[in-house]
Amino acid sequence: NDCVLSDRGFRLSRRTLSRLAWPASSKEQYLDTSIIETYLALLCEHITASNEDVKIHVVSSMITLKLFPTPYGPHDLDSVLNLAAIKAIPLRDLDLLVFPFNPRGTEHWWAVSFDFKSRKVQIHDSSPNPARSSPKYVQAFQLLAAKMFSTHHKTPWSWTNWDVIEPPNSPKQANSYDCGVFLCMTITYLAMGAPPTFTQAD
């Protein structure tokens with residue numbers, strides 16, 4: 001269990017990286033939080049450094065866990081609104097704001113993205129049977145984003161004329177343990193300005 005990478009606040013062990021062995025064949029090979037957080041942080045660094053057309057910010061899943069402190073309970077806006085990481089998000093410059101998260105008690109990764117160009121809130125859930133609680137989480141993220149605009153950027157915000165959708169033909173996993181891979185792939189496609197079109201076979 002020796003450390004292979006310790007950087008940007010992340011620590012990856014050799015045991016953790018063994019989850020990336022291919023082909024994945026059991027739940028023991030699901031991507032854990034350290035792999036997902038590290039990958040998404042590196043992805044955003046790459047997009048920023050390469051001056052890609054899409055200006056994207058992926059919020060740490062540690063923040064989303066703080067926003068929802070208990071399984072299936074109400075959100076706690078006050079616990080995250082004034083975090084330094086939230087204050088530093090350049091909302092007015094973004095094309096996409098993405099909240100990846102693994103709700104407590106579910107062991108399932110999915111994401112909500114705000115597309116400021118198309119004025120769409122998009123739900124990216126690779127489960128063939130998405131949770132019925134999705135609207136609760138979406139509404140909490142909308143409230144947080146609106147508060148971020150009004151509190152930290154002195155800009156009144158409204159979700160009027162925005163659509164909340166799950167993109168058509170959204171990629172779906174064929175097993176119970178690849179949600180982390182689908183999450184990372186989906187956000188990669190979004191960061192590249194491309195609609196997610198991959199399948200389980202890819």
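**Notebook: sheet and cores**

I began with the sheet, which is open and holds five strands in the order β3-β4-β5-β6-β7, with mixed pairing. Strands (E, at least two residues) and helices (H or I, at least four) are DSSP runs numbered from the N terminus, and two strands pair if DSSP finds at least two bridges between them. I looked up the edges: β3 (56–58) and β7 (163–165) each have a single partner strand, so one side of each is left without a neighbour in the sheet. On average, neighbouring strands are turned by 15° against each other, direction ignored.

I noted that this is a predicted model, in which local features need pLDDT of at least 70 and side-chain atom pairs 80 or more, while totals for chains, interfaces and linings use all residues. Residues are numbered from 1 along each chain as its sequence is written, and side-chain values use heavy atoms, without hydrogens and water.

I then followed β6 (residues 120–124), which runs parallel to β7 and is joined to it by three bridges. Q122 has I165 of β7 as its bridge partner.

Next I turned to the interior. The largest nonpolar core (buried Ala, Val, Leu, Ile, Met, Phe, Trp, Tyr and Cys residues joined through side-chain atoms within 4.5 Å; buried means under 20% relative accessible area with a 1.4 Å probe, protein chains only) has 31 residues. L97, F114 and F141 touch the most other members. Two or more residues come from each of α3 (61–67), β4, β5, β6 and α5 (134–152); α5 gives the most, nine residues.

I recorded another core lying apart from this one, with 21 residues, including L31, V54, V58 and L96.

Note on methods
Axes are lines fitted to C-alpha atoms, for helices over the stretch in contact, and angles run from 0 to 180 degrees between N-to-C directions. Buried means under 20% relative accessible area, exposed over 50%, partly exposed in between (1.4 Å probe, protein chains only).
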